[in-house]
Amino acid sequence: MSAADVLIVGYGPAGITAAIYAARKKLSVILIGDLPGGEVRNSGDIENWPGDRTTDGNTLADKLIAHLNDHKEAVQIVQDKVVKIAKDGDVFTTTTESKKEFQSRTIIYTAGRHPRMLGIPGEQEHKNLGVTYCATCDAPLFAGKNVAVIGGGNTGAEAVIMLQKIASHVYLLHDTEKLNADPVLVSNFENDPNVTILYNTKTAAITGGTLVDGLTYTDKTTQEEKTIAVEGVFVTIGAIPNTEPVKDLLALNKFKAIPADRYAITSIPGFFAAGDVTDIRDAQIVVAAGHGCSAALSAGDYISRLPK
Ligand SMILES: Cc1cc2nc3c(=O)[nH]c(=O)nc-3n(C[C@H](O)[C@H](O)[C@H](O)COP(=O)(O)OP(=O)(O)OC[C@H]3O[C@@H](n4cnc5c(N)ncnc54)[C@H](O)[C@@H]3O)c2cc1C
């Protein structure tokens, strides 16, 4: 089996951009990805992708994929999940869930992040039975119901905005006395009688039979334990980088992200990483796309220096 020039892991904006740039450099490319379009697919309205004043996640994801498909001859797209990447000499071997193996001279790793769980009783067993990590995907399922959103950052605020007109009542629980979300987002619901913000709370348990029927939390100011009747719990407390397949290949930072510089260069020669899976500060589509571009250009530069 001859080694491809570049193997890209991830089908989001970073991976797709890297593939387009690598293809235009006339490199042979394999892209292995799970969710076509990546987290863009799960985004609601998007108002910060230059060139599209307002768009939505599905539309933008479809446009990114259509652009990638213009380079079908250079890019082999494999819809699969990577489970392990190893390096032997100058060649990387990538193994997928369906037990396929691919060899390549470089890797561009753009696997993004997955939502962090609360780790409280009742969460795991009610996953998709009232507990959800994606408001864009699941908000419409909770029309007319009481719901709780856990986490007062931007993702939590966006979840509240999606839910405030659909749900019967929305509780937003945050662990300190001030929300972290941008004020421009909070202004959408801070005076809405349909939304109750509960500050300084610690979520304790999600209750219910087959389906969720309540949430127990501690009011950290009074140490009182309280329960609210909700049928939906939206968990928005951050995300963990998808670095399991490379945890034995290179050192990760304390958040399990891949340290990568602005050129997407990592500690392993030939292994480049871009977008949300790295220690980059801003988890944004335009940043991921830009980082993916740099990764492809760095990979091209690296390959040009390999012995012929
Ligand atoms: C609800 C929500 C709303 C958002 N709204 C905005 C917004 O309005 N504007 C904005 O700029 N950003 C927004 N973001 C952030 C934005 O979506 C991300 O910053 C961006 O998608 C990151 O791109 P990425 O390519 O690095 O990773 P991702 O988009 O996460 O793509 C990662 C890809 O890797 C794949 N993958 C993961 N593990 C494996 C594996 N083991 N094998 C193979 N493939 C794998 C995934 O399936 C996916 O295809 C939002 C995010 C969320 C969750």
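Which residues line the second largest pocket? I began my notebook with that, keeping in mind that this is a predicted model, in which local features need pLDDT of at least 70 and side-chain atom pairs count only at pLDDT 80 or more, while totals for chains, interfaces and linings use all residues. Residues are numbered from 1 along each chain as its sequence is written, and side-chain values use heavy atoms, without hydrogens and water.

**Pocket.** I found the lining to consist of Arg113, Ala239, Pro241, Asn253, Phe255, Ala257, Thr278, Asp279, Ile280, Arg281 and Ala283. A pocket here is an open set of points on a 1 Å grid over the protein atoms alone, where a 1.4 Å probe fits, with protein on both sides within 12 Å along at least five of seven lines, and lining residues have an atom within 4 Å of a point. I noted a space of about 240 Å³.

**Strand 15.** I then looked up strand 15 (strands being DSSP runs of E, at least two residues, numbered from the N terminus), and seven of its eight residues, 212-219, are buried, so the rest of the structure largely encloses this strand. Buried means under 20% relative accessible area with a 1.4 Å probe, protein chains only.

**Neighbours.** Strands pair if DSSP finds at least two bridges between them; I read seven bridges between strand 15 and the antiparallel strand 14, residues 201-208, and five between strand 15 and strand 16, residues 224-228, also antiparallel. Tyr217 is the bridge partner of Thr203 and stands opposite Lys226 in strand 16.

**Turns.** I saw that three residues separate strands 14 and 15 in their hairpin, whereas the hairpin of strands 15 and 16 has four residues in between, with Gln223 in the turn at a positive phi of about 65 degrees.

Note on methods:
Buried < 20%, exposed > 50% of the residue type's maximum accessible area, 1.4 Å probe, protein only. Points joined across faces, edges and corners; volume = space filled by probe spheres on them.
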